[in-house]
Amino acid sequence: MKQLIGIVTIFALGIGGLQAAKVPMSPKELEKESSHIVSGKVISVTAKVQKSKIERSLGLHRDKVYTIKLKVASVSKGTGVKVGQGILIEAWQPSTRIPPVPGLQGHEPIPEKGDTVKMYLLKNKKSKAYEPLLPNGIEITKKAKKTKWKK
């Protein structure tokens, strides 16, 4: 009986921190919820895996955090961002979930260097970077051409 109570307690504690995946937002919702809407060209994308700041339940949880440098071509909402300026944007996707738990699945898609994008952003006051709205605050409007290297 004590084992059963222990299992139920552990299971109940794990459930408390669970979140569901977020449904993609409509274009109207993206416009309404964002503090900034910018378009531009991706200058660089770097990624690192780190302890999850999103998933707090018991277990081993890591996220892949992307730092995207964007050269702004146009600003359709928000202040403090100028055309030609380079801004940093932090996006993420889950990397490891042990045990596997349902929850937020991060940003989709993640652009590559050279892509042209439209982003629906919120200002992160702690890091001074911007964050795309979850899950679909990044729209790739034109993929970069892949170059083939000749030997």
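Two residues are taken to be in contact where heavy atoms lie within 4.5 Å. On this basis, in the predicted model, L121 touches S34, S35, H36, V38, I87, I89, Y130, E131 and P132, with residues up to four places away in sequence left out of the list. L121 belongs to strand β4, which spans residues 116–123. With a relative accessible area of 0%, L121 falls under the 20% limit and is therefore buried. The C-alpha atom of L121 is separated by 9.3 Å from that of G78, a residue 43 positions away along the chain.

The chain comprises 151 residues, of which 32% count as buried. Two helices and six strands were assigned, and their order along the sequence is α-α-β-β-β-β-β-β. Among the contacts with a separation of 6 or more, 66% are made by residues 24 or more positions apart. The average pLDDT of the chain is 86, and 85% of the residues score at least 70. Residues 1–17, by contrast, have a pLDDT that stays under 50, and the model shows two contacts beyond four places in sequence for this stretch. Where pLDDT is low, predicted coordinates should not be read in detail.

The pairing of the strands was examined next. Strand β1 (residues 36–51) is antiparallel to strand β2 (residues 60–77), and 14 bridges connect the two. Within this pairing, Q50 has D63 of β2 as its bridge partner. On β2, a further antiparallel pairing of twelve bridges is formed with strand β3 (residues 86–98), in which L70 stands opposite I87. Strand β1 is also joined to β4, by six bridges in the antiparallel sense; here S39 faces K118 of β4.

Strand β4 takes part in further pairings. Four bridges link β4 to strand β6 (residues 138–142), again in the antiparallel sense, and the partner of K118 in β6 is E139. K118 thus has a bridge partner named in both pairings, S39 and E139. Three bridges join β4 to β5 in an antiparallel arrangement, with K123 opposite Y130. These two strands, β4 and β5, form a hairpin with six residues between them, and K128 in the turn adopts a positive phi of about 65°.

The largest nonpolar core contains 16 residues, and those touching the most other members are V38, I68, L70, I87, I89, M119 and L121. Each of β1, β2, β3 and β4 supplies at least two residues of this core. The largest share, four residues, comes from β2. Several of these core members recur in the pairings and contacts described above: L70 and I87 stand opposite each other between β2 and β3, while V38, I87 and I89 are among the residues touched by L121. M119, another of the core residues, touches H36, I37, V38, I68, I89, P111, G137 and I138, residues up to four places away in sequence not being counted. The contacts of L121 and of M119 both include H36, V38 and I89. Apart from the largest core lies another, of five residues, including M25, L30, Y120 and L133.

The largest pocket encloses about 450 Å³ of space. Its lining consists of 20 residues, of which I54, E90, W92, N124 and E131 are the closest to the pocket centre. Strands β1, β2, β3 and β5 (130–132) each supply at least two residues of this lining. E131, one of the residues closest to the centre, is also among the contacts of L121.

Outside the strands, V23 lies in the loop between α1 (2–16) and α2 (27–33). The relative accessibility of V23 is 64%, over the 50% limit, so this residue counts as exposed. V23 and L104 are 81 residues apart along the chain, yet their C-alpha atoms are separated by 9.6 Å. The two residues singled out here thus fall into opposite classes, L121 being buried and V23 exposed.

Conventions:
Residues are numbered from 1 along each chain as its sequence is written. This is a predicted model: local features need pLDDT of at least 70, side-chain atom pairs count only at pLDDT 80 or more; totals for chains, interfaces and linings use all residues. Side-chain values use heavy atoms; hydrogens and water are left out. Buried means under 20% relative accessible area, exposed over 50%, partly exposed in between (1.4 Å probe, protein chains only). pLDDT is the predictor's confidence in each residue, from 0 to 100. Two strands pair if DSSP finds at least two bridges between them. A nonpolar core is a set of buried Ala, Val, Leu, Ile, Met, Phe, Trp, Tyr and Cys residues joined through side-chain atoms within 4.5 Å. On a 1 Å grid over the protein atoms alone, a cavity is a set of points where a 1.4 Å probe fits but cannot get out, and a pocket is an open set with protein on both sides within 12 Å along at least five of seven lines; lining residues have an atom within 4 Å of a point. Grid points are joined across faces, edges and corners, and a volume is the space filled by probe spheres set on the points.
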